[in-house]
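Here is a friendly walk through one structure, with a few helices, a bond and some loop residues to look at. Have your viewer open and follow along.

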Amino acid sequence: MRKFFFLIVAALLAALSIPQAVRTSAAPKNRTINGKGNNLKHLSWGESGTTYLRIAEPAYADGISSIETGPSPRSISNRIFNDLGQNIFSENNTSQWGWAWGQFMDHDFGLRDETAAQSAPIPFTAKDPLESFTNDLGRIDFARTPQAPGTGTTTPRQQVNTLTSFIDGSGVYGVTDARLEWLRAGPVDGNLADNGAGLLLPGGYLPTAAARGDAKSAPATDLFGALNAFPSQAVIAGDVRANENIVLTAIHTLFAREHNRIVTALPANLPAETKFEIARRILGAEEQYITYTEFLPALGVQLPAYRGYNPTVNPGLSNEFATVGYRAHSMIHGQFDVAFDDGQYTAAQLRRFRAEGIGLGEEDGSPSLQIPLTVAFGNPGLLPQVGLGQLLKSLGAERQYRNDEQIDNTLRSVLFEVPKPGVSDPSACQEPVVDPRCFRVVQDLGAIDIQRARDHGMPLYDDMRRAYGLAPKTSFTAITGESTDSFPDDPTINHADPIDDPNILDFVKLLDKDGTVVAAKSSAAQEDVVTGIRRTTLAARLKAIYGSVDRVDAFVGMMSEQHVPGTEFGELQLAMWRRQFAAIRDGDRFFYLNDPVLKQIARTYGVTYTNPLAQIIKMDTGTTVQADVFKAVSAGSSDAESAPVPAPAPKKHVSAVAAPKAVLTRHVTTRAAAACTTRDGSRTSTVSAFDLRRRTTSPYHPRA
């Protein structure tokens, strides 16, 4: 009986070893690299290189392509998004894995065409009374997204999603055969059939652009910060944004290792192509499993029960979700605290960390590295020095920031920037808050989010609510849940022109999760606050900026909504997430609950996709973390030591080339470019959407 069953499984898996070029008839037995053919009647649904779907009618000034005008995005940012350096954490104890996984998923299913189209710079007003930063450029650079072919002239301008819309491991494998071949072990000769089953992972880390000898021949990748001066040191992954920050680099590395672990667990006598496709299938299912059973529930996103694959559901990403709904940059910390044991790093390593701008502090009684986001940007060489398991563990030890209208200044003002030349101690530029005197150029992710929505013709806030089946809001207090939209009778505020008085942003009360008052400037004020009450209500500031509710930008209104209890979101953002993640699930023929081959692989080879994220971290790094990494625990918690995770399985990392040296390439004497570029210089972009959430920093979003 077992022999008979094995023959059935072998027959089903045989198609996995057939080169893509000859799989031209009937239903593909496995996913195509670009997503084409998932739906047998609508072959392009979910395919890379197709236009974003629209839920609402496009909103352009001329009905076709021109950007709608509105209040200055930087002016809005200074009055709405400025957090004054006050940490406010998730009220649901959601860990930093919330934004981190969200951004990793953004690298899997959403990336606009980053080719720079028309320039549409965001005004910067140095004399704004609420402006505290210097900007030598006098503007915030912004380039429009190119219009999709055949649109924007006589029909409304549309935009292209360059990735597949499925959760399919695109961030690991890419969406083209050329990129995949470069990433796989073996020669790069245009023939995938002679590649090995594993991914290129010298020393267990992602390969640099120079890993195969000629950095210029490596696949294109986005360059951030100091990598613009050292492009050969950029790492290459399935998605071009893997260098954005070391957290994203770490997760890309983790799942490349996971692919190789699965390959190693398969019988050695299986053909390389069969092992590769089995590992790819399992890894994609693992990402789906984590997303739908851990990530979404942790953020309070509940979907209707799964009823099987529905071929009438288009899984394509909507423009509204990609451009507005999946942007959660307020969740992202301006600093990563990585606890370590005494003696774990040498004195020389600690000196190098300090010279790089990394502070040394204490976290729950243990020494910790305090890595500013400005240092983490575009610095993949830092990851091997810190350690993959160490960094990933730190994400579960601390809560992410509350998903509200407030954005950390590392994202809101100095995105991708490093301290200017002449700064003697770069680590002091972000301790305890960002020091404007250290920087000379402003890049504001919140302002870019507003401008990107206008660029893509997003409807205004109430029209967006209508499109998602929600009733429009008729007052500013209805948006925010506050009691008044009037400025208070406060002697510290200029009543003649309150919206231009910096005092309107002062925090007057801080509360922890139990509603207990937290003293300002205390250590608890930086670690325990979940609610911050300002001198003026958010509703009052929104009213002073927009005048009327029906003029509010969709992104601003969405982020200003009070949260639905038990979730990280307001009504609108929650509705957008529910609709999109249900479509990605229901419209995917290969969704893990609809794929019988996964069970057959498990029975035959003992390899399964039902691995929580904690287990994958353990298997691929040897580091033990808490069982539910999406809920924060302190670094010293006993839960972090008792997660029911098996010992790491034997694994080997495919090392076709020598391991790269871990070199810090960011120097305080070099000011990073404010924008990011691809390694080949062909594209320019300022940020992505959860990429990271706040770039889609996603925490989430396809690229800004």
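## A sulfur bridge

Cys429 and Cys438 form a disulfide, with their sulfur atoms 2.1 Å apart (a disulfide is a pair of cysteine sulfur atoms within 2.5 Å). The structure holds 1 disulfide. A disulfide is a covalent bond between the sulfur atoms of two cysteines. The torsion about the S-S bond of Cys429 and Cys438 is about -85 degrees, so this disulfide is left-handed. Both Cys429 and Cys438 are buried; here buried means under 20% relative accessible area, exposed means over 50%, and partly exposed lies in between, with a 1.4 Å probe and protein chains only.

A word on the ground rules: this is a predicted model, in which local features need pLDDT of at least 70, side-chain atom pairs count only at pLDDT 80 or more, and totals for chains, interfaces and linings use all residues. Residues are numbered from 1 along each chain as its sequence is written, and side-chain values use heavy atoms, with hydrogens and water left out.

## Helix H2 and its surroundings

Helices (H or I, at least four residues) and strands (E, at least two) are DSSP runs, numbered from the N terminus. Helix H2 spans residues 73-81, and 8 of its 9 residues are buried, so it is largely enclosed by the rest of the structure. Those buried residues are Pro73, Arg74, Ile76, Ser77, Asn78, Arg79, Ile80 and Phe81. What do they pack against? Their partners are strands S2 (122-123) and S3 (139-140), together with helices H13 (409-412), H14 (445-455), H18 (538-546) and H19 (554-560). Contact here means heavy atoms within 4.5 Å.

Let's look at one of these partners, H18. H2 and H18 pack at an angle of about 165 degrees, with their axes 10 Å apart. That makes H2 roughly antiparallel to H18. Axes are lines fitted to C-alpha atoms, for helices over the stretch in contact, and angles run from 0 to 180 degrees between N-to-C directions. Angles under 35 degrees count as roughly parallel, over 145 as roughly antiparallel, 65 to 115 as roughly perpendicular and the rest as oblique.

The crossing of H2 and H18 is right-handed; a crossing gets that name if the near helix is turned clockwise from the far one by less than a right angle, and is left-handed if anticlockwise. On the H2 side, Ile76, Arg79 and Ile80 meet Leu538, Arg541, Leu542, Ile545 and Tyr546 of H18. By class, the residues of this contact of H2 with H18 divide into 6 nonpolar, no polar and 2 charged. Ala, Val, Leu, Ile, Met, Phe, Trp, Tyr, Cys and Pro count as nonpolar, Asp, Glu, Lys and Arg as charged, and the others, Gly among them, as polar.

## H3 across H6

Helix H3 (residues 97-109) packs with helix H6 (residues 246-265) at an angle of about 65 degrees, and their axes are 10 Å apart. That makes H3 roughly perpendicular to H6. H3 passes H6 in a right-handed crossing. From H3, the contact uses Trp97, Trp99, Ala100, Trp101, Gln103, Phe104 and His107, while H6 brings Val247, Leu248, Ile251, His252 and Phe255. This contact of H3 with H6 has 9 nonpolar, 3 polar and no charged residues.

Both helices turn up again as neighbours of H22: the buried residues of H22 pack against H3, H6, H7 and helix H12 (388-395). H22 (residues 613-621) is mostly covered, with 8 of its 9 residues buried. Just after H22, Gly622 takes a positive phi of about 80 degrees.

## Residues in the loops

Four loop residues are worth a click.

| Residue | Loop | Relative accessibility |
|---|---|---|
| Pro315 | between H7 (272-298) and H8 (319-325) | 1%, buried |
| Leu84 | between H2 and H3 | 41%, partly exposed |
| Lys521 | between S9 (507-511) and H17 (523-527) | 87%, exposed |
| Ser232 | between S5 (222-223) and H6 | 33%, partly exposed |

Phi of Leu84 is near 55 degrees, a positive value in a residue other than glycine. For Lys521, also a residue other than glycine, phi is positive too, near 65 degrees.

Pro315 and Phe166 are 149 residues apart in sequence, yet their C-alpha atoms are 7.2 Å apart in space. Leaving aside neighbours within four places in sequence, Pro315 is in contact with residues including Trp45, Phe166 and Gln580.
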